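Please find below my comments on the structure, set out as numbered points. They go from the chain as a whole to particular elements.

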Amino acid sequence: MRKYICNCTGKEKIGEYETCVFIPRYPDMEPTISCMEKEYLRANNWEGISIDSCLVDEIKELWSKGIRTTGCCCGHNQIAPYIGVVDEDIPKMKEMGYKVAPNPCRPRSEDSFYPKSLKFVYTGDKKLIKKHNHDHFWIADGVLFESYRTLRGLRYMSKIEVPGMPDMDECDEATITHIEKEYLN
């Protein structure tokens, strides 16, 4: 199975910011942030922005090149990482060699990219491992996702790229077996 590896221990929880680096607001930062973020941050007396420590250097580098980010997450070795950018900066990201990270909530959107600073490795697993709170597997735009239940409702995470597989709302066991044989190394 392919997986991105960051510096997190794996104990971090998605949506918690204990391992983030707080970057205080500075005058040159504002042009690097999307209009939507600016409005939210101004309304909440914005003092700075928190970024996963694994991505701080890469985000600062993107800002220095004029890329306006909309959010990011290293994935904490649990889910696929991403760096979000404003639509106008999508061509620049592609020119710099960034690969689009699929967003199943917006399948036609290309405004999320895989970070270059994180390692992409093969784990050697032969079977798809289901989370303990697994609900179902599904495919969108050549990526297999797993939906799972939490206290906050249904959540999802990307599992593996499956190019050539058709989109489907729920994968049956035969499809999962096919994916394990054809796509897991």
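1. Helices here are DSSP runs of H or I with at least four residues, and strands are runs of E with at least two, numbered from the N terminus. Counted in this way, the chain of this predicted model has 4 helices and 10 strands, and their succession along the sequence reads β-β-α-β-α-β-β-α-β-β-β-β-β-α.

2. As to the chain overall, 44% of its 185 residues are buried, while the area that the chain exposes comes to about 10900 Å², with 51% of that area supplied by carbon and sulfur atoms. Among contacts with a separation of 6 or more, 54% are between residues 24 or more positions apart.

3. Which residues of helix α2 are buried? In this helix, spanning residues 56-64, they are V56, E58, I59, L62 and W63. These residues lie on the same side of α2, because the arc they cover around the axis is only 165 degrees. As general background, an α-helix has 3.6 residues a turn, so residues three or four places apart point the same way. On the other side of α2, by contrast, D57 and S64 are exposed.

4. The cover over the buried residues of α2 includes the strands β2 (20-24), β3 (48-52), β4 (69-73) and β5 (82-85), together with the helix α3 (90-95). Just after α2 comes G66, whose phi is positive, at about 85 degrees.

5. Two of the strands that help to cover α2, namely β4 and β5, also belong to an open sheet of 3 strands, which has the order β4-β5-β6 and antiparallel pairing. The edge strands of this sheet are β4 and β6 (112-113), each of which pairs on one side only. In general, the strands of a sheet pair through backbone hydrogen bonds, either parallel or antiparallel. Between β5 and β6, which run antiparallel, there are 2 bridges, and G84 stands opposite S112 in β6.

6. Is E161, in strand β10 (residues 153-161), buried or exposed? E161 counts as buried, because its relative accessibility is 17% and the cut-off for buried is under 20%. The side chain of E161 also makes a polar contact, at 2.7 Å, with the side chain of K99.

How values were computed
Residues numbered from 1 in each chain as written. Predicted model: local features only at pLDDT ≥ 70, side-chain atom pairs only at ≥ 80, totals over all residues. Heavy atoms only, no water. Buried < 20%, exposed > 50% of the residue type's maximum accessible area, 1.4 Å probe, protein only. Polar contact = N/O pair within 3.5 Å; in protein donor to acceptor, adjacent residues only side chain to side chain. Contact = heavy atoms within 4.5 Å. Areas by Shrake-Rupley, 256 points an atom, 1.4 Å probe, with all protein chains shown as cover. Arc of directions from axis to C-beta. Pairing = 2+ DSSP bridges.
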